[in-house]
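Student: I have a model open and would like to test the labels people put on it. Could we go through them one at a time?
Tutor: Gladly, ask away.

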Amino acid sequence: MAMKRVASSAVQSLFSSSSTFTRNLHASSEKKKIVGVFYKGNEYAKLNPNFVGCVEGALGIREWLESQGHQYIVTDDKEGPDSELEKHIPDLHVLISTPFHPAYVTAERIKKAKNLELLLTAGIGSDHIDLKAAAAAGLTVAEVTGSNVVSVAEDELMRILILMRNFLPGYHQAVNGEWNVAGIAHRAYDLEGKTIGTVGAGRIGKLLLQRLKPFNCNLLYFDRLRMDPELEKEIGAKFEEELDAMLPKCDVIVINTPLTEQTRGLFDKNRIAKCKKGVLIVNNARGAIMDTQAIADACSSGHVAGYSGDVWFPQPAPKDHPWRYMPNHAMTPHISGTTIDAQLRYAAGVKDMLDRHFRGEAFPEQNYIVKEGQLASQYR
């Protein structure tokens, strides 16, 4: 029997039932309609057989899904009432999206999706979904936890060095046929001895701190949870109980916290003013954690000496986004977590969860973002 999405009140009554029954809430032999929303590979799609994270690559699961009789539709067209995604909202069962080209799943879209059972994120970070609406509708939301943490941490380290060494002006000189050492050297510094603070020390934050240790920096972290004392000692990082007390100490601030109701707009004009003048900021977490105009103004005034990241709001960023034009930035499109290695990991994770879903089996616990009407702790 095809299982439809249950009303919120009915779902709540089921939560007290056995975990086996709950896990099988959407289990069915019915053939499913799965929609994937990814960025287009275009002319690059055929250059690497492992480039599975694009529309053309389709996570490498098309043959597997269709061999079981499921319908698999993949698109990059996700915005507006006439988009390809919108056409399939009323009768899809599973929606797969990605932080790099997010399909914004609003409460309105959830209401229209009468057959929707499962929302999967190919990667990490499910803030493009209205999680409260998903929970109220009895949906499961999951992501491939850990799939691209190494990729993002390495990228953050690269961005710290790019800003610290004033790399981009030198690159532009080389491209433009110029040679002006002073134009680079007047604001290039060593990383050694600087104070680096991470706002958030989860999987990515810890990996970044570990990678920074050989540079002989002073390492600080602010998080809702203090890490294990042995790990803290091994890394050599100091826990800061108050964010606003940590910020003035830092030469570099790295954002490693998820986007939640509490962190949206966390770095507004007032909080940025608490940072040391000349601070460098790296943000590969989420663009909406920052007040967009406040960051642009701080870069223009010099209070923020450099800003780098790959996350914007919205995404894709419009051509007139202020961060494109502010001075001393090293911004890119959202690419840190979609290396080929990461793509293979999150593609495998998505396939595993789809297989489990079809069988009525539970996912790895750490992958759940919404389960049985409850949000994961980091989103509460």
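**Reasoning from the labels**

Tutor: Let us start with the record: in an unreviewed entry, UniProt lists I124 and N148 under "binding site". Keep in mind that this is a predicted model.

Student: Why do these positions gather at one spot?
Tutor: They span 25 residues in sequence, yet no two of their C-alpha atoms are more than 7.2 Å apart, so they come together at one spot. I124 itself is found in the loop between strand 4 and helix 6 (131-136).

Student: What does the record say about residues 64-360?
Tutor: The unreviewed UniProt entry gives them the annotation "domain: D-isomer specific 2-hydroxyacid dehydrogenase catalytic". In the model, the end C-alpha atoms of residues 64-360 lie 18 Å apart, and the span is 36% helix and 16% strand.

Student: How do you know that strand 1 and strand 2 pair?
Tutor: Two strands pair if there are at least two bridges between them. Strand 1 (residues 33-37) and strand 2 have 5 bridges, in the parallel sense, so they meet the criterion. As a landmark, I34 stands opposite Y72 in strand 2.

Student: How many bridges join strand 5 and strand 13?
Tutor: Strand 5 (residues 140-143) and strand 13 (residues 368-371) pair over 2 bridges, in the antiparallel sense. The cut-off is at least two, so this pair counts. Here A142 stands opposite Y368 in strand 13.

Student: What makes the pairing of the sheet mixed, and which strands are its edges?
Tutor: The open sheet has 7 strands in the order 2-1-3-4-5-13-14. Strands 1 and 2 are parallel, whereas strands 5 and 13 are antiparallel; the pairing is mixed. The edge strands are strand 2 (71-75) and strand 14, as each pairs on one side only.

Student: What links strand 13 to strand 14?
Tutor: They run antiparallel and are joined by 2 bridges, with strand 14 covering residues 374-375. K371 stands opposite Q374 in strand 14. The two strands form a hairpin with 2 residues between them, and E372 in the turn has a positive phi of about 55°.

Student: Which helix lies across strand 4?
Tutor: Helix 15 (residues 340-359) does, running at about 165° to strand 4 (118-121). Helix 15 also lies across strand 1, strand 3 (94-97) and strand 5.

Student: Why is the second largest cavity called a cavity, and the second largest pocket a pocket?
Tutor: In a cavity a 1.4 Å probe fits but cannot get out, while a pocket is an open set, so the difference is whether there is a way out. The search of the whole structure finds 2 cavities of 30 Å³ or more. The second largest cavity has a volume of about 50 Å³, and its lining residues include L85, Y104, R109 and L119.

Student: How many residues of each class line that second largest cavity?
Tutor: Its lining has 10 nonpolar, no polar and 1 charged residues.

Student: And what makes up the second largest pocket?
Tutor: Its volume is about 390 Å³. Of the 22 lining residues, the closest to the centre are L163, R187, L280, A305 and G306. Helix 7 (149-164), helix 8 (167-175), strand 10 (279-283), strand 11 (304-309) and strand 12 (329-331) each supply at least two lining residues. Helix 8 gives the largest share, 4 residues. By class, the pocket lining has 11 nonpolar, 6 polar and 5 charged residues.

Technical notes. Residues are numbered from 1 along each chain as its sequence is written. This is a predicted model: local features need pLDDT of at least 70, side-chain atom pairs count only at pLDDT 80 or more; totals for chains, interfaces and linings use all residues. Side-chain values use heavy atoms; hydrogens and water are left out. On a 1 Å grid over the protein atoms alone, a cavity is a set of points where a 1.4 Å probe fits but cannot get out, and a pocket is an open set with protein on both sides within 12 Å along at least five of seven lines; lining residues have an atom within 4 Å of a point. Grid points are joined across faces, edges and corners, and a volume is the space filled by probe spheres set on the points. Ala, Val, Leu, Ile, Met, Phe, Trp, Tyr, Cys and Pro count as nonpolar, Asp, Glu, Lys and Arg as charged, and the others, Gly among them, as polar. Contact means heavy atoms within 4.5 Å. Axes are lines fitted to C-alpha atoms, for helices over the stretch in contact, and angles run from 0 to 180 degrees between N-to-C directions. UniProt positions are given in the numbering used here, feature names are shortened, and annotations may be inferred rather than shown by experiment.
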